[in-house]
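Here's a quick briefing to read alongside the sequence and the model. Grab a viewer and follow along.

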Amino acid sequence: MKISKQVPGENSRMYAHRVILENIISLELPPGSAVSEKELSLALNLSRTPVREALIEMSRLGLVEIVPQRGSYVTKIDYDLIDEVKFIRLSLELAVVKLACETGISEESMGLIRSNMKEQRKCLESDGSAAELMELDNQFHKLLFQSVGKSRVYDVVQAQMFHFDRLRMLTFQILGTEKSSQTVNDHENIVYALEKKDWDLMQMVMTCHLSRHLMEKEEVIKYHPEYFV
């Protein structure tokens, strides 16, 4: 488990919540693993109360299952749940890029998106970590929402992405460069469609990009069947 430092303005409960969530998404706490309130408290140098509160919040998010008299466990990855999350994501993101194609976006926004693409390509060519590329991936999609003034919509979408983020991390770890290259190529195709204001092409490439988890499903499950419902 990786322990980051508490940041200014972060109370004990917020700190426990952030660190536990980061470790679940990064798979440092893998699906199906036990999580001990006592051990977490010691690792974080906190009392058990904020850790307990953080675990309760994790259970509300569906990332931790608290079993009375038995303990707490990181939930396994559920493709049915992921498909629901992706339905929300795809519906909203298609609406965003359709608006971008119809009305165009500012040169400033386009510049930020192109700059992000350069960072993605640099990360890929330097064999950057899965976590680094995932962060750039998130920034790329956030910039698309921001380019048409829909930042709050992105926040709503991102709040539902915890379950899918675990699958993304696992897929990057298993498929390695193949997955990273495909992600960057998809993003470059999205930028091309955006520059051309080609909605038909955008609809095709964005739908393909946000549905790749279905194409990769069989291979990913083969490596870690114990991680899945």
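What volume does the largest cavity have? It comes to about 240 Å³. Keep in mind that this is a predicted model. The notes below start with that cavity, then go through a surface patch, two backbone oddities and some salt bridges.

**The cavity**

- The count comes to 1 cavity of 30 Å³ or more.
- Its lining takes in 21 residues, and D137, F164, R168, K179 and H209 are the ones that lie nearest the centre.
- If you sort the lining by residue type, you get 5 nonpolar, 8 polar and 8 charged residues.
- Several helices chip in: α4 (79-103), α6 (130-147), α8 (162-175), α9 (177-196) and α11 (212-223) each supply at least two of the lining residues.
- Helix α8 gives the most, with 5 residues.

**A nonpolar patch on the surface**

- F87, I88 and L92 make up a nonpolar patch on the surface, and together they have about 280 Å² of accessible area.
- To find the patch, look for I88 in helix α4.
- I88 has a relative accessible area of 38%, so it counts as partly exposed.

**Two residues with positive phi**

- As background, most residues other than glycine have a negative phi.
- L27 goes the other way, with a phi near 70°. You'll find L27 in the loop between α1 (12-25) and β1 (34-35).
- Is L27 buried or exposed? L27 counts as buried, because its relative accessibility is 11% and the cut-off for buried is under 20%.
- Q69 also has a positive phi, near 70°. Q69 sits in the loop between β2 (64-67) and β3 (71-74).
- Q69 is exposed, with a relative accessible area of 85%. That puts L27 in the buried class and Q69 in the exposed class.

**Salt bridges**

- How many salt bridges does the structure hold? The total is 15, and a few of them are picked out here.
- R48 and E37 pair up through their side chains, at 3.2 Å from N to O. R48 belongs to helix α3 (residues 48-60) and E37 to helix α2 (residues 37-44), so this salt bridge ties together parts that are 11 residues apart in sequence.
- Within that pair, E37 is buried at 17% relative accessible area, whereas R48 is partly exposed at 42%.
- E57 and R60 form another salt bridge, with 3.2 Å from N to O. Both are in helix α3 and sit 3 residues apart, so about one helical turn separates them.
- For exposure, E57 is partly exposed at 26% relative accessibility, while R60 is exposed with a relative accessible area of 64%.
- E107 bridges to R114, and their closest N and O atoms are 2.9 Å apart. E107 is exposed at 55% relative accessible area, and R114 counts as partly exposed at 32%.
- Some salt bridges share partners: E10, R18 and E22 are joined into one network that way.

**If you only have a minute**

- Go to the cavity of about 240 Å³ and look around D137, F164, R168, K179 and H209.
- Then turn to the surface patch of F87, I88 and L92.
- Finish with the salt bridge between R48 and E37, which ties helix α3 to helix α2.

Terms used
Residues are numbered from 1 along each chain as its sequence is written. This is a predicted model: local features need pLDDT of at least 70, side-chain atom pairs count only at pLDDT 80 or more; totals for chains, interfaces and linings use all residues. Side-chain values use heavy atoms; hydrogens and water are left out. On a 1 Å grid over the protein atoms alone, a cavity is a set of points where a 1.4 Å probe fits but cannot get out, and a pocket is an open set with protein on both sides within 12 Å along at least five of seven lines; lining residues have an atom within 4 Å of a point. Grid points are joined across faces, edges and corners, and a volume is the space filled by probe spheres set on the points. Helices (H or I, at least four residues) and strands (E, at least two) are DSSP runs, numbered from the N terminus. Ala, Val, Leu, Ile, Met, Phe, Trp, Tyr, Cys and Pro count as nonpolar, Asp, Glu, Lys and Arg as charged, and the others, Gly among them, as polar. Patches are made of residues with over 30% relative accessible area and no salt bridge: like charges are joined within 9 Å, nonpolar side chains (Val, Leu, Ile, Met, Phe, Trp, Tyr) within 5 Å. Accessible areas come from the Shrake-Rupley method with a 1.4 Å probe; for residues, only the protein chains shown count as cover. A salt bridge is a side-chain nitrogen of Lys or Arg within 4 Å of a carboxyl oxygen of Asp or Glu. Buried means under 20% relative accessible area, exposed over 50%, partly exposed in between (1.4 Å probe, protein chains only).
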